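Good morning, everyone, and thank you for making time for this. I would like us to look at one chain together, slowly, and to build up a picture of it piece by piece.

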Amino acid sequence: MKPPQAPHLRPVGPADAMRGPDPGRGGMADDHRARPLSAGPAAGRLASADTDMEMPRFTMSVNGGLRGPGAMAPAMLKGMTPELNGLLREAFTPTRPKQALNSLFIGRTDTIRRVISAIEEERAHVILFGDRGRGKTSVANAIEKIAGEAGYLSLKLTCSAELTFEDIFRHFLKKIPSTYYRSGLDNPYASRRSFTSFNELLPEGTFSVTELNEVLSGIHATHVLLILDEYDRVTDEDFRNKLAELFKNLTDSSIPVTLLVVGVAENLDQLLGKHPSIQRSLVPVHLPLMTDQEIGRLLQAGADNAGISFAPDVVQRICEFVRGLPYYAQLLGLHAARSAVSRGGRVVEREDLAYAVARCLQEAERGIVDSYARALAAERRAELEDLLLAAALCPADAYGTFNPTDLAGSVGEPSSEVFGILERLTREDHGGVLEAVVEPGRTRYRFRNQMMRQYVLMRQAQERGQI
């Protein structure tokens, strides 16, 4: 998808520079152009929750999951039944990863194939990394199920800052039954030992990586795949050092245990630290953005599941907004589909997309909204808006990095003034929206939070009346 050029940017008048963010709007700056939230049919549905005086309530009984006779669904959009809402929530899952391998799991076949090849053919441990919202956990869930179907003992755990190295591996070992312990032919003492899980073979309290490696060496008649999801939440340096040592020990010992580590990161060092000795035993797999074709298939699969359809121009506009990020594709698809159903339609039209964009902007992370407001809370706001939009439209590589010479509308090398504004947008007092990527002979830029790109595109499209 070729990004729009500068002539598509609306002219900004001097009065625009006088506007500033309104901190009292719950995180969303207010100005005289942000009309879609307060006008039009889409806005009417968005505001219905405020005008409806009936208290929202749950409509599904926990016991049996049945609704009472004649029960309404005041918490939902008008015209939305719990049954149809359930179909939409199954189809579009922005707030949770895909759990099932079915027609709703779209794309990522190349990534899954690479991970399987690394595990099966190269006998290597795998690091799956990338920016937030790309669907890493959904891919990890798919790998877990595919490995299980092939006979692997697949175990997955979501990391957190308070869990220690010992906590996590005790949890894993509790799920490895004693039936996978080596037979008496290999270990004459095995038949005399009575235990339920491998955790019982560890010493009480803390244990060393060497002791853990020795216990894992007793695994027989299976291959264990241990998946550590959201590993970026681990902040303990001792944990990271022990995991690096475990990588090396497992590889050197040829133990049938493979680690798949999943986390938010731009590169391997951010997840594992600098441990060059383990590089040879790891295969890093970067999760790329989706293609427009995959985003279109994702929307089509969700629409088919709910018995609706998306107008072709809406699909194209969603692709332009999300820039390959499945999280926002799911979110826009869900809200737009709900809007269409609530007005009695079966085709998602532009007015439904306008409603979906307004919902996404209202529900955006506070950190993104605050950074956006600080970035524009200065003199010459109009110029800042235009350059920020140009940066969001700029072609970027798989890591979200763009070259200033590719800014929309640029002819040749950008002016020193443009570089000055880009540099200013990297500073914390201007929101820290961008970060510089310094390379030999040039400086490129990327959005510090990659979801800011989509927020800018939607916010500016709404304010400029281009949805």
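I will go through the sheets, then the nonpolar cores and one helix, and finally a single threonine.

Please keep in mind throughout that what you see is a predicted model.

Let me begin with the sheet that has parallel pairing, which is an open sheet of five strands in the order 2-3-4-1-5. At its edges are strand 2, residues 153–158, and strand 5, residues 282–286, each of which pairs on one side only. From one strand to the next, the twist averages 15°. If you look inside this sheet, you will find strand 3, residues 224–229, paired in the parallel sense with strand 4, residues 257–264, over five bridges, and there Leu 225 has Thr 258 in strand 4 as its bridge partner.

Which strands does helix 3 touch where it packs on the sheet? Helix 3, residues 109–120, touches strand 1 (125–130), strand 3, strand 4 and strand 5, and its direction makes about 175° with that of strand 5. Helix 4, residues 136–149, lies across strand 1, strand 2, strand 3 and strand 4, and it runs at about 160° to strand 2.

Now please turn to another open sheet, in which three strands are arranged in the order 8-10-9 with antiparallel pairing. Here the edge strands are strand 8 and strand 9, each pairing on one side only. Strand 8, which is residues 401–402, is joined to strand 10, residues 442–447, over two bridges, and Thr 401 stands opposite Arg 446 in strand 10. Strand 9 and strand 10 pair over six bridges, with Glu 439 standing opposite Arg 442 in strand 10. These two strands form a hairpin with two residues between them, and in that hairpin Gly 441 takes a positive phi near 85°.

Let us move on to the nonpolar cores. The largest one has 66 residues, and the members that touch the most other members are Phe 310, Phe 321 and Leu 332. Helix 11, residues 326–342, gives the most to this core, with nine residues. A second, separate core has 44 residues, including Phe 129, Leu 155, Leu 173 and Phe 195.

Leu 332 deserves a moment of our time. Not counting residues up to four places away in sequence, Leu 332 touches Ile 318, Phe 321, Val 322, Leu 353, Ala 356, Val 357, Cys 360 and Met 458. Among the buried residues of helix 12 we find Leu 353, Ala 356, Val 357 and Cys 360. Helix 12 itself covers residues 350–362, and its 13 residues reach 18 Å from the first C-alpha to the last, close to the 18 Å expected at 1.5 Å a residue.

Finally, where is Thr 426 placed? Thr 426 is in the loop between helix 15 (416–424) and strand 9 (434–439). And why do we call Thr 426 buried? Its relative accessible area is 17%, and buried means under 20%, so Thr 426 counts as buried. A polar atom of the Thr 426 side chain lies 2.5 Å from the backbone oxygen of Glu 423. Leaving aside neighbours within four places in sequence, Thr 426 is also in contact with Gly 432, Leu 434, Glu 435, Ala 436, Tyr 445 and Arg 448.

Thank you for listening, and I am happy to go back to any of these places.

How values were computed:
Residues are numbered from 1 along each chain as its sequence is written. This is a predicted model: local features need pLDDT of at least 70, side-chain atom pairs count only at pLDDT 80 or more; totals for chains, interfaces and linings use all residues. Side-chain values use heavy atoms; hydrogens and water are left out. Helices (H or I, at least four residues) and strands (E, at least two) are DSSP runs, numbered from the N terminus. Buried means under 20% relative accessible area, exposed over 50%, partly exposed in between (1.4 Å probe, protein chains only). A polar contact is a pair of N or O atoms within 3.5 Å; within protein, one must be able to donate a hydrogen and the other to accept it, and residues adjacent in sequence count only if both atoms are side-chain atoms. Contact means heavy atoms within 4.5 Å. The expected span of a helix is 1.5 Å times one less than its number of residues. A nonpolar core is a set of buried Ala, Val, Leu, Ile, Met, Phe, Trp, Tyr and Cys residues joined through side-chain atoms within 4.5 Å. Two strands pair if DSSP finds at least two bridges between them. Axes are lines fitted to C-alpha atoms, for helices over the stretch in contact, and angles run from 0 to 180 degrees between N-to-C directions.
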